[in-house]
Amino acid sequence: MSQLIRAKGLALSELAVQLGWTAEEAQDLLAARRAITFEVAGVLADAIGGTRRFWLTRESQYRDDLARLQQAAEE
C-alpha cells in the first residue's frame with residue numbers, strides 16, 4: 001500500500017483527508033494495526049485506486065503470511 005501512496009505522491013495527511021480519517025487512523029492502517037474490512041476496501045479503492053476485491057485480497061494475503069510466520073517462529 002505504501003508504494004501506491006508514494007506513486008500517487010500522497011503524504012500521510014493527504015491520504016487521511018482522502019479517506020476521511022484522522023492521520024492516526026491512516027497510520028494505523030499503514031502499520032497493519034487496522035484491518036482492511038469491506039468498508040475500508042471501498043474507501044481505499046476510491047481514494048487510491050484498485051478495486052474493493054484487490055484490497056480485500058491484499059488483506060487476506062497479509063494475514064495468511066503473518067500467521068504462517070508466527071507459526072514458523074513458534075516451531
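Begin by selecting Ala-26, which is buried in this predicted model, its relative accessible area being 0%. The residue belongs to helix H3, a stretch that covers residues 23-30, and showing that helix as a ribbon gives a frame for the next selections.

Keep Ala-26 in view and add its partners: once neighbours within four places in sequence are set aside, Ala-26 is in contact with Leu-12, Leu-15, Ala-16 and Trp-21. Then pick Ser-13, which is 13 residues from Ala-26 in sequence, while the C-alpha atoms of the two lie 8.2 Å apart in space.

Next, select helix H2, residues 12-19, together with H3. Two packed helices are described by the angle between their axes and the distance between the axes. Here the axes of H2 and H3 come within 8 Å and cross at roughly 100 degrees; since angles of 65 to 115 degrees count as roughly perpendicular, the two helices are therefore roughly perpendicular to each other.

To see the side chains of this contact, display Leu-12, Leu-15 and Ala-16 from H2, which meet Ala-23, Ala-26, Gln-27 and Leu-30 from H3. Sorted by character, the residues of the contact of H2 with H3 comprise six nonpolar, one polar and no charged.

Finally, move to Ala-32, found in the loop between H3 and helix H4 (38-47). Ala-32 is partly exposed, with a relative accessible area of 22%. What is the phi of Ala-32? The angle is near 65 degrees, a positive value in a residue other than glycine, and this is worth setting against the general pattern: most residues other than glycine have a negative phi.

Conventions. Residues are numbered from 1 along each chain as its sequence is written. This is a predicted model: local features need pLDDT of at least 70, side-chain atom pairs count only at pLDDT 80 or more; totals for chains, interfaces and linings use all residues. Side-chain values use heavy atoms; hydrogens and water are left out. Helices (H or I, at least four residues) and strands (E, at least two) are DSSP runs, numbered from the N terminus. Buried means under 20% relative accessible area, exposed over 50%, partly exposed in between (1.4 Å probe, protein chains only). Contact means heavy atoms within 4.5 Å. Axes are lines fitted to C-alpha atoms, for helices over the stretch in contact, and angles run from 0 to 180 degrees between N-to-C directions. Angles under 35 degrees count as roughly parallel, over 145 as roughly antiparallel, 65 to 115 as roughly perpendicular and the rest as oblique. Ala, Val, Leu, Ile, Met, Phe, Trp, Tyr, Cys and Pro count as nonpolar, Asp, Glu, Lys and Arg as charged, and the others, Gly among them, as polar.
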